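Got a minute to walk through a fold? Have a look at the sequence and the model below, and then let's go through them together.

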Amino acid sequence: MAAMSANFILFLLTMAACSSVIFSASVIEDLNTLHPPSDFNSTISKNCLLNPSLRYCSTSPMNLIEIFKSSIVASHLCNDSRNPNCVESFPKIDLRSRPNIAPLYLSFHFFWKYCPLSIISIDLSNNSLKGSFPIDVLECKQIEALDLSRNDLVGEVPFWIFSDLTNLTTLNLSYNQFSESRISDSELFFKRFNSSSFISSGLLPDHRKYRMKVVILLIVFPILVIVLVWFLGWLCFHRPDFLPRMLRRKHKFTPAMLGAATDGFSEKNLIVKCEGVDIYSGVLRGGTEVRIEIYKNGNSRESRDEFIEECKIFTQLSHKNLVKVLGWCHNRRMRALVIEASEGESVDMWLSRSRPPWKQRLKVAKGVLEGMVYLQEQWPAVDYDLRTESLLLSRKLVPLISRFKLGHQNCSSRNIYKFGVLWFEMIVNRQLRDEIKRDESSFIRNIKTQISKNLQAVINECIELQRESMVNQAKTAMNLALMCTDQSHGHQPNLKYIYDTVTRLSSNQMMQETEKIRHKRILSRK
């Protein structure tokens, strides 16, 4: 009792010094306006003689201003905590559900430093306190009860300090958001208090969360793995174009990929529809424009295997006068060849619509021959189609051989004959071109007689025959076509001879064009 009285002599002095304002002024105002009485120092010394255990007695040197301020805060806090007689006793700090003043009192670190020894209970619950654990309250080491429940406190709880609070028997940290503790670090702490002290505090492992994790691990995760594997499998077999390039099957397309490229094989993408093949235009996922040839017949296993072997070779062809084969698609319902599209038209359409001059026809023929030479030298087993409907032409007049077939051996005689027919189509007039399409064999039999009778009537009207040099070129071109289509033994020229002849014609034409330009310039100067 003597110790308790000594502890409150300080409060009595403080209240006596400012009895007229202590209950009407706020704690902030009192801290700013009140000053220690003249005998405050001697009072502190007497208190320490009576009860050396007082907290301010152990500090050296004493901070009298700080001690006086702590007594002011204690006077207000005792009243705000609804203690019945603050002059006689200050047993509890009760600020539960007082969110307006609880954070203020917690901010007075000097008060908690000199926490009155009479305080045995601290209740700061239901104040929506934020931040870390208010470690200052643990300066009141004599307390028996501490309630910090129903706040928004986070972070670690300082378990090691609770070992100094030997009188603490009641603790409530429930309904906060503390960090989950490691049992090895806090085993004694949890044994000291029952589990009701930590309900939804975040400190104890949440068994519901663990059960959920187990459910996720044992049920949901395997389902996700199965779905992911199924989805990846679907991508691999249906839409491998969504996979990274390194995981794709090179040159292999699927019906789903081709369907997406052609907008579901829509009518607007259909270029040609005939008995054995449908040709569509399309755009692959990467933006490459393609031409897709879908073959309707030959879906037996043997024909599919043969088709794949052909396509593997076609994808290796690389020449400026051959279309680039990107890959193929095959299954029981579909066989398709995917070819890189070229801007332009077929040679047949070009001859019919454009009425091209002689030098352009020579350029196209020379390009076709270069592609033929490449195939004969590098891929003798690859046969090809030289019909004007199958030959493509880019906007820069680069001819492209677009239809291939794998045979046992590239038949040179047959290919030279096909070039001869093509060459006839490029140099005869429109009427004779139509005759070639109707009956090729009959045309070949009759053309020699027509040439000998009237060359000018046979030659296309775009080829000017006013000059003798052009007449000679026309005769050379006609003779070359006749030689190519003559399948008598030993009469056909070889491919090198044909190429050299067309190259010579092209060079002569260029020289004549140059001479013609030079002559015009001379006349213009005169």
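What follows goes from the whole chain to its cores and then to one sheet.

Keep in mind that this is a predicted model. The protein has 526 residues, and 44% of them count as buried. Its secondary structure comes to 19 helices and 17 strands. If you take the contacts between residues at least 6 apart in sequence, 63% of them join residues at least 24 apart. On the outside, the accessible surface is about 29,100 Å², with 55% of that belonging to carbon and sulfur atoms.

Now for the inside. In soluble globular proteins, nonpolar side chains tend to be buried together. Here, the largest nonpolar core is made up of 68 residues. Met372, Phe404, Phe419, Trp423, Phe424, Val428 and Met478 have the most contacts inside that core. Pick out Trp423 and look past its neighbours within four places in sequence: Trp423 touches Trp358, Arg361, Leu362, Ala365, Ala477, Leu480, Ala481 and Leu505. Another core, of 55 residues, lies apart from the largest one, and its members include Ile44, Tyr56, Ile72 and Ile161.

Last stop, a sheet. Strands of a sheet pair through backbone hydrogen bonds, either parallel or antiparallel. This one is an open sheet of 3 strands in the order β13-β15-β16, and the pairing is antiparallel. Because β13 (344-346) and β16 (399-400) are at the edges with a single partner strand each, one side of each has no neighbour in the sheet. Between β13 and β15 (residues 392-394) there are 3 bridges. For Glu345, the bridge partner in β15 is Leu393.

How values were computed. Residues are numbered from 1 along each chain as its sequence is written. This is a predicted model: local features need pLDDT of at least 70, side-chain atom pairs count only at pLDDT 80 or more; totals for chains, interfaces and linings use all residues. Side-chain values use heavy atoms; hydrogens and water are left out. Two strands pair if DSSP finds at least two bridges between them. Helices (H or I, at least four residues) and strands (E, at least two) are DSSP runs, numbered from the N terminus. A nonpolar core is a set of buried Ala, Val, Leu, Ile, Met, Phe, Trp, Tyr and Cys residues joined through side-chain atoms within 4.5 Å. Buried means under 20% relative accessible area, exposed over 50%, partly exposed in between (1.4 Å probe, protein chains only). Contact means heavy atoms within 4.5 Å. Accessible areas come from the Shrake-Rupley method with a 1.4 Å probe; for residues, only the protein chains shown count as cover.
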